[in-house]
Amino acid sequence: MDHDPAAETILVVDGDVIARSVIAAYLRDCGYRVLEAGTGAEARAALERGDVAIGIVLADIALPGGLSGFELARWIRVHRPEVKVLLAGAIERAAQAAGDLCEEGPDLAKPYDARLIVDHIRRLRGG
Amino acid sequence: MTIAQSRPTAARRGPANEAAEAGPVVLLVEDEALIRWDLAEELRQLGCQVIEAGNAEEAIALLRSTARIDIVLTDIDMPGPHDGLDVAQLVRAERPGTGIVLTSGRLRPVGTNAELFDLFLPKPASTGALAQALRDVTARRQGG
């Protein structure tokens with residue numbers, strides 16, 4: 001995957017606001033523009049916007065509101081086939097995906113640890 | 001631990017990021033996603049670091065787990081068991097010193113306890129009005 005964070009908008013979809021907020025902040029810090037959605041319906045609204053080109057969707061599998069991450073991915077394949085979808089079943093996967101996206105950006109050459117993100121989310125949740 | 005401290009040390013620090021870190025941390029609470037995204041973008045352009053909540057429940061979860069929040073900008077009317085006034089009440093009770101800006105597309109609610117908020121910002125707000133509101137509420141916070 002070869003992309004420049006400055007040109008990329010990532011849509012983060014997660015019903016867990018703490019996980020969503022931490023991962024979005026991390027992605028913004030490494031240069032991406034990030035849109036946040038708490039439900040599949042909000043994700044679709046973001047994807048249907050004509051003024052923002054979303055390149056990547058990072059979505060939790062279990063979403064509130066009755067539209068699962070899989071159903072969202074299916075909708076995207078039909079209506080926005082150019083959008084890359086990363087599905088995460090747990091925060092470890094989401095953090096790993098976020099880390100990979102940042103590591104592949106042109107400015108981040110040093111290794112990172114996705115566990116830092118996971119630990120942070122867990123601590124914030126009180127777990 | 002703040003969100004900032006959670007970033008791996010290798011995270012990129014560009015001029016935009018440094019400016020954002022120097023600006024206020026704003027918790028934005030707005031249930032209409034299109035409005036929320038536009039407002040968040042405006043706030044970031046103004047130099048704020050923005051944390052986004054789509055309803056009062058999310059706002060409350062963030063208020064209880066985020067180390068630094070300088071200003072809460074919240075819509076009053078939101079679906080669900082709690083509204084913006086509940087958020088304001090919690091901020092006053094649990095995070096004194098945090099600035100509160102209430103926003104609404106309707107008229108300023110008559111009879112709302114004036115101590116519950118610092119500023120009322122009618123929707124839709126121009127970027128200039130938003131910037132002024134941030135300056136005013138920051139001045140109020142610093143004035144004690």
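Me: Why are helix 4 and helix 5 of chain A called oblique to each other?
Reply: This is a predicted model. In it, helix 4 (residues 91–103) and helix 5 (residues 114–125) of chain A pack at an angle of about 135°. Angles over 145 degrees count as roughly antiparallel, and 65 to 115 as roughly perpendicular. The value fits neither range, so helix 4 and helix 5 of chain A are oblique.

Me: How do you know that helix 4 and helix 5 of chain A are in contact?
Reply: Contact means heavy atoms within 4.5 Å. Helix 4 of chain A contributes A:Ile91, A:Glu92, A:Ala95 and A:Gln96. From helix 5 of chain A come several residues, including A:Ile117, A:Val118 and A:Ile121. The two axes lie 8 Å apart, and the crossing is right-handed.

Me: What makes the buried residues of helix 3 of chain A lie on the same side?
Reply: Helix 3 (residues 69–79) of chain A has these buried residues: A:Gly69, A:Leu72, A:Ala73, A:Trp75 and A:Ile76. They cover an arc of only 160° around the axis, so they sit on the same side. An α-helix has 3.6 residues a turn, so residues three or four places apart point the same way.

Me: What covers the buried residues of helix 3 of chain A?
Reply: The cover includes strand 1 (9–13), helix 2 (40–47), strand 3 (54–60) and strand 4 (84–88) of chain A.

Me: Why are A:Arg77 and A:Val78 called exposed?
Reply: Exposed means over 50% relative accessible area. A:Arg77 and A:Val78 are in that class, on the other side of helix 3 of chain A.

Note on methods: Residues numbered from 1 in each chain as written. Chains lettered and ligands numbered in written order. Predicted model: local features only at pLDDT ≥ 70, side-chain atom pairs only at ≥ 80, totals over all residues. Heavy atoms only, no water. Buried < 20%, exposed > 50% of the residue type's maximum accessible area, 1.4 Å probe, protein only. Helix = DSSP H or I, 4+ residues; strand = E, 2+ residues; numbered from the N terminus. Arc of directions from axis to C-beta. Axes fitted to C-alpha atoms, helices over the stretch in contact; angles between N-to-C directions. Parallel < 35°, antiparallel > 145°, perpendicular 65-115°, else oblique. Left-handed = near helix turned anticlockwise from the far one by under 90°.
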